[in-house]
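Here is a walk through one protein model, from its inside to its charged pairs. Keep the viewer open and follow along.

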Amino acid sequence: MGESTTSLRDGVLSHLENLEASSHQLALRRGEGEQHPGKMARLKARIQELRRQRDEMKAKLSMSHPGLTKGKASTQSTMTPQAAGASTQAVLEWKVNNIKNLLQMFHLTGTSGKLTREGACLCISTAFEGTYLDSYYLHLHIRQPVRIQHHTVPAFIPLKQIADEYLQTDVKRFFSVLSSHLNAYVGRKFQAEQLQEHFAAFLAGPLQGNSLYNLLEFSYGVEPEGKTFPFSAKLAYRDPTGTLPTEASVSCKEGAATSEAEMAASHQALFYEKSLHEVFRSFADTTVNQSQTVPLELPAASQGVPSERGKATAM
């Protein structure tokens, strides 16, 4: 009898435990069901935020490196209107920050500027061999598309070509290339001015050339205040960012002596190696050295002319 009672009690307890476990599992399922909509909402919000960030990154990438994307049209077609508006604002903010960083960096390399209401005003300072020369200014409108409003760059500098190639995609490269062109131009101009100012005595007349100073012709001699100018030079600067000629030709007049022909060949090599006024400075130094090298006359006594004291002794 006791064993039957014990078995019955164990069976009831086991059944109650099973019911309690089932009830607990059912409660867990209900809790998960109630939490699921909230989790889904958070995941959807996170997905939307990631998509927004992706669209902003695509817009920035398409502005800085258009070749790495499928194009502006395809990028905009995948964006919602809200994301497109946010991306445009983000690109503008990125451009302003980029211009600020460029202004700070260019200040160390001869370019300075400041932000204005409409964009930025930049100054490119030029120099040659440690001498500061001219400065040129550009007013940029930095909203899409970036464009040049005003500038003082000479008309013969290919500003439009450089801007079309780099301004929309790489502002840093744009200023680097433009600065190279301007520094080369003022460098060539400076050499020609120095030649005419300090070594005009070596020239048969004024230099013949163009506004860009990439083609120069002149006749010259190697003696200052000389009456003959046996050499004719023609210099061409085919590299628009170079200050030394890529082509140099020095010729003599017909019937010139062999020594003059050899001298013309040595001059031609100098024009490739040195700036224009430095070549003529070397001519001037050579002339000075030659004039200082004169034979010394011997004293009269060493030439056998007796002195007064010697005459008295002989007497």
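What follows is a tour of a predicted model, taking in its nonpolar cores, one buried threonine and some salt bridges.

Let's start inside. The largest nonpolar core is made of 24 residues. If you want to find it quickly, pick out Leu138, Val153, Ile157, Phe174, Phe175, Leu178 and Leu182, the residues with the most contacts inside this core. Four elements each bring at least two residues to it: strands β2 (119–128) and β3 (131–141), plus helices α4 (159–166) and α5 (171–198). Of these, α5 is the top contributor, with eight residues. There is also another core, lying apart from that one, with 22 residues. Leu207, Leu216, Tyr220 and Tyr237 are among its members.

Now turn to strand β2, where you'll find Thr126. Is this threonine, Thr126, buried or exposed? Its relative accessible area is just 1%, so Thr126 counts as buried. What does the side chain of Thr126 reach at 2.6 Å? The partner is a backbone atom, the oxygen of Asp134. Leaving out residues up to four places away in sequence, Thr126 touches Thr131, Tyr132, Leu133, Asp134, Tyr136, Leu182, Asn183 and Val186. One name on that list should ring a bell: Leu182 touches Thr126 and is also among the residues with the most contacts inside the largest core.

On to the charges. Side chains of opposite charge can pair when their charged atoms come close. In this model the count of salt bridges comes to four, and we'll visit some of them.

Take Arg52 and Glu49, whose closest N and O atoms are 2.6 Å apart in a salt bridge. Both sit in helix α1 (residues 2–64), three residues apart, or about one turn of the helix. How open is this pair? Arg52 has 31% relative accessibility, so it is classed as partly exposed, and Glu49, at 28%, is partly exposed as well.

Helix α4, which we met as a supplier of the largest core, holds a salt bridge too. There Asp164 pairs with Lys160, with the closest N and O atoms 2.9 Å apart. The two residues are four apart in the helix, again about one turn. Both Asp164 and Lys160 are exposed.

Finally, look at Glu247 and Arg238, whose side chains form a salt bridge at 3.4 Å, N to O. Glu247 has a relative accessible area of 39% and is therefore partly exposed, while Arg238, at 56% relative accessibility, counts as exposed.

Terms used: Residues numbered from 1 in each chain as written. Predicted model: local features only at pLDDT ≥ 70, side-chain atom pairs only at ≥ 80, totals over all residues. Heavy atoms only, no water. Core = buried A, V, L, I, M, F, W, Y, C linked by side-chain atoms within 4.5 Å. Buried < 20%, exposed > 50% of the residue type's maximum accessible area, 1.4 Å probe, protein only. Polar contact = N/O pair within 3.5 Å; in protein donor to acceptor, adjacent residues only side chain to side chain. Contact = heavy atoms within 4.5 Å.
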